Amino acid sequence: MATIMNGERQFHIKTIPEEVGRYVILPGDPGRVPKIAEYLDNAKQVAQNREYNVYTGSLCGEKVTVCSTGIGGPSAAIAVEELVKCGADTFIRIGTSGGIDLKVWGGDLIVASAAIRSEGTSYEYLPEGYPAAADFEVVTALARSAKALSSDENGKRCHVGVVHSKDSFYGEVDPDGSAVSDNIKSRWDSYLKCGCLTSEMECSAVFSVGIVRHVRCGAVLTALWNAERSKRGLDDIITDDSTRGIQCAVNAIKILIENDRK
């Protein structure tokens, strides 16, 4: 039976298996893809459609792909689904976030061990109550890589732990503008009490797809600032530099390649 899904190339990301590596780095921003691809050998663009900008090169002799996902869980899940169909089995999301735990400063790296499922996409993959956990091997490689790139200075530390994934950016920065602000703020306070490190919009969806499709997923996030530190009038750093996060992801891929060869 003919359907719109029967084309040679994937319906959204427009790739074929020959163009995709086993290892994939997933930024949100399409404009960040060429910057990440500069860390690869012989990288070139293989596809571009909608929010999906796809480059493939190599690291340590292994094919590695960089694919943007756009903003939010639905488009991120689509990217992972179609990349899996093209043969990818190891994913590292690289993104930005707003700190929650007071120990997080703008500029710090956060390696996500799991994500709070405050978005909708994961509920199309996992039953309620099932955790959106990252793959242990990927978390270990990212933590090792992040530690090597960090120092005990504000804005240059790294943290490993639980992050918060949501659907509404403005639910974080302007909860009073919502008709359900009391609900948003009470849940946020609970996450703060539990030591949640930072808030972003894609990890839980990426991890959930990875769990169901039996592939490895992890994430490293750069805190742009800390929302809770700002609320309390505490010192903080505001940054838009994700260079260290990119380096962390690339070095973690190298570690995973080395481990997979053993």
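Colleague: Why is I4 called exposed?

Modeller: Its relative accessible area is 62%. Exposed means over 50%, buried means under 20%, and partly exposed is in between, with a 1.4 Å probe and protein chains only. I4 therefore counts as exposed. I4 lies in the segment before β1. Helices (H or I, at least four residues) and strands (E, at least two) are DSSP runs, numbered from the N terminus. I4 and G70 are 66 residues apart in sequence, and their C-alpha atoms are 22 Å apart in space.

Colleague: What kind of model is this, and which features need which pLDDT?

Modeller: It is a predicted model: local features need pLDDT of at least 70, side-chain atom pairs count only at pLDDT 80 or more, and totals for chains, interfaces and linings use all residues. Residues are numbered from 1 along each chain as its sequence is written, and side-chain values use heavy atoms, with hydrogens and water left out.

Colleague: G21 also lies in the segment before β1. Is G21 buried or exposed?

Modeller: Buried, because its relative accessible area is 2%. Leaving aside neighbours within four places in sequence, G21 is in contact with K63, V64, T65 and A88. Contact means heavy atoms within 4.5 Å. G21 and E62 are 41 residues apart along the chain, yet their C-alpha atoms are separated by 7.6 Å.

Colleague: And G233: what makes it exposed?

Modeller: A relative accessible area of 62%. G233 sits in the loop between α7 (227–231) and α8. From W188 it is 45 residues away in sequence and 18 Å away in space, C-alpha to C-alpha.

Colleague: How do you know that the span of helix α8 agrees with its 19 residues?

Modeller: The expected span is 1.5 Å times one less than the number of residues. For α8 (residues 243–261) that gives 27 Å, and the end C-alpha atoms are 28 Å apart, so the two agree. The buried residues of α8 include I246, C248, A249, I253 and L256.

Colleague: What makes a set of residues a nonpolar core?

Modeller: The members are buried Ala, Val, Leu, Ile, Met, Phe, Trp, Tyr and Cys residues, joined through side-chain atoms within 4.5 Å. The largest core has 63 residues. C67, L83, F91, I92, F207 and V220 have the most contacts inside it. α8 gives the most to this core, with nine residues. A second, separate core has eight residues, among them I100, L192, C196 and W225. In soluble globular proteins, nonpolar side chains tend to be buried together.

Colleague: Leaving aside its neighbours within four places in sequence, which residues is I92 in contact with?

Modeller: V24, I25, L26, V138, L142, G218, V220, A249, A252, I253 and L256.

Colleague: How many disulfides does the structure hold?

Modeller: Zero. A disulfide needs two cysteine sulfur atoms within 2.5 Å. The sulfur of C196 is 8.4 Å from the closest cysteine sulfur, in C194, so it is too far for a bond. C248 fails too: its closest cysteine sulfur, in C158, is 7.9 Å away. C248 is buried, at 0% relative accessible area. C196 is buried as well, at 2%.

Colleague: Why is α6 called largely enclosed?

Modeller: Because eight of its eleven residues are buried. Among them are C203, F207 and G210.

Colleague: What is the phi of H214?

Modeller: Near 60°, a positive value in a residue other than glycine. Most residues other than glycine have a negative phi. H214 is in the loop between α6 (203–213) and β10. With a relative accessible area of 72%, H214 is exposed. C60 has a positive phi too, near 55°. C60 lies in the loop between β3 (52–59) and β4 (62–67). C60 counts as partly exposed because its relative accessibility is 38%.

Colleague: What makes a set of grid points a pocket?

Modeller: On a 1 Å grid over the protein atoms alone, a pocket is an open set of points where a 1.4 Å probe fits, with protein on both sides within 12 Å along at least five of seven lines. Lining residues have an atom within 4 Å of a point. The largest pocket holds about 390 Å³ of space. Its lining has 21 residues, and I71, R93, T96, M201 and E202 are the closest to its centre. β5 gives the most to this lining, with six residues. β5 (90–99), α4 (169–173), β9 (198–200) and β10 (216–226) each supply at least two.

How values were computed. Points joined across faces, edges and corners; volume = space filled by probe spheres on them.
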